[in-house]
Amino acid sequence: MLSRTADHLFWMSRYTERAENTARMLNVHYETSLLPQSAAVSQYGWLGVLSLSELLPAYSARHGDVTPQGVMHFMVLDEDNPASIIACLKAARENARAVRGTLTTEVWETLNQTWLEIGRMRHEGAFDRDPGAFFEWVKFRSHLSRGVTLGTMLQDEAFHFLRLGTFLERADNTARILDVKFHAVESEFFGAASEKDLEYDFYHWAAILRSLSGFEIYRKVYRDVIEPERVAELLMLREAMPRSLHHCMSEVLNNLLLVGAEPQGPTMRHAGRLRAELRYGHIDDILATGLHAFLTQFLDRVNQLGAHVSRDFLVPTAG
């Protein structure tokens, strides 16, 4: 497969997944902002969204003070912000258009219709009327795109590059969503809730679980009250949980093999080490060194893995 084709497919799936996960992250803060909490706690949360997306300087330069309304519009409808939902959906559609012949008609029409519909919704002010419903729509369109891809595309190299992009992006975003909570309370979290957590801890953890479609799964696996240690274990170490870090890295590793990555090469070694740490890790050991520190390091290593994949498969060679 041509490297430029692989590049378009890889980034098409990443941008689609990124739009969904941005909607999930913002929905956490939209829902929790409706709960009783101090203004300082709310402010920490919105600062966390911008900081963990590495967008605080860009936001401050253009909008000044951090406000819920300002952050929401910046992260949803600002086309000049490349990480906004509308910019991600546009980029996904443009990448799909570039490889239109590689995709099935159903996949192309789903992505194209999503782009056309979000333009209409923006014109009609759908987001301002009901942010929660808008976020659910973004998630639904991502689910639809993924389902159509699974149901209609030949499972060849093109398909595996799509899956590779999806799970790399999902690993990155699951780690960011999980870390938002700790960033918001300025806590490393070593396995015990601080007094600062007690006011709103249960509701925030429940919101985080729901944002990652994990609330019902948590109840099924643990059959108990929501505890931060178990939430972290579910979202990081449980391979059977579809959005967990362990599941994502297993899928990344499998799809790297299927696109022909060198088994003993640096890309596979990097991915294999990441998966092994999640496969054989224990939540108590992770909490002993601080969850925020672990997630920060994980994000750095996932970004390095993305750079390895780009170097090996996606960057066109000269000549």
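Leaving aside its neighbours within four places in sequence, which residues is Thr-102 in contact with? In this predicted model, the residues that Thr-102 touches are Thr-5, Leu-9, Met-153 and Ala-158. Thr-102 itself sits in the loop between α5 and α6 (105-124). One of its partners, Ala-158, is 56 residues away in sequence, yet the two C-alpha atoms are 7.4 Å apart in space. Is Thr-102 buried or exposed? The answer is in between: Thr-102 has a relative accessible area of 31%, so it counts as partly exposed.

The whole chain comes next. The protein chain has 319 residues, and 55% of them count as buried. Its secondary structure consists of 17 helices and zero strands. Among contacts between residues at least 6 apart in sequence, 69% join residues at least 24 apart.

How far the model can be trusted varies along the chain. The mean pLDDT is 87, and 89% of the residues reach 70 or more. Confidence is highest in helix α5 (residues 85-98), at a mean of 97, and lowest in helix α10 (residues 195-198), at 48. Where pLDDT is low, the predicted coordinates should not be read in detail.

The interior can be followed through its nonpolar residues. The largest nonpolar core contains 98 residues. Ile-85, Phe-134, Phe-135, Met-236, Leu-256 and Phe-298 have the most contacts inside this core. The element that gives the most to the core is α9, with 12 residues.

Ile-85 shows what such a set of contacts looks like. Not counting residues up to four places away in sequence, Ile-85 touches Ala-19, Thr-22, Ala-23, Leu-26, Met-75, Val-76, Ile-118, Phe-134, Phe-135 and Val-138. Two of these partners, Phe-134 and Phe-135, are also among the residues with the most contacts inside the core.

Val-138, another partner of Ile-85, lies in helix α8 (residues 131-152). Besides Ile-85, Val-138 touches Ala-19, Glu-20 and Ala-23, again not counting residues up to four places away in sequence. The C-alpha atoms of Val-138 and Ile-86 are separated by 9.8 Å, although these residues are 52 apart along the chain. The relative accessibility of Val-138 is 3%, and because buried means under 20%, Val-138 counts as buried.

His-143 is also in helix α8, but at 36% relative accessibility His-143 counts as partly exposed. Leaving aside neighbours within four places in sequence, His-143 is in contact with Glu-20 and Arg-24. Glu-20 is therefore a partner of both Val-138 and His-143. His-143 and Thr-16 are 127 residues apart in sequence and 9.5 Å apart in space, C-alpha to C-alpha.

The last feature is empty space. Rolling a probe the size of a water molecule over the atoms shows where empty space is left. The largest pocket holds about 360 Å³ of space. It is lined by 17 residues, and those closest to its centre are Arg-18, Ser-53, Glu-169, Asp-172 and Arg-176. Three elements give two or more residues to this lining: α1 (3-32), α9 (157-184) and α17 (291-314). Which of the elements provides the largest share of the lining? That element is α1, with five residues. By type, the lining residues divide into six nonpolar, five polar and six charged. Helix α9 thus has a part in two features, since α9 contributes to the pocket lining and gives the most residues to the largest nonpolar core.

Terms used
Residues numbered from 1 in each chain as written. Predicted model: local features only at pLDDT ≥ 70, side-chain atom pairs only at ≥ 80, totals over all residues. Heavy atoms only, no water. 1 Å grid on protein atoms, 1.4 Å probe; cavity = no way out; pocket = protein on both sides within 12 Å on 5 of 7 lines; lining within 4 Å. Points joined across faces, edges and corners; volume = space filled by probe spheres on them. Helix = DSSP H or I, 4+ residues; strand = E, 2+ residues; numbered from the N terminus. Nonpolar A, V, L, I, M, F, W, Y, C, P; charged D, E, K, R; others polar. Core = buried A, V, L, I, M, F, W, Y, C linked by side-chain atoms within 4.5 Å. Buried < 20%, exposed > 50% of the residue type's maximum accessible area, 1.4 Å probe, protein only. Contact = heavy atoms within 4.5 Å. pLDDT = per-residue confidence, 0-100.
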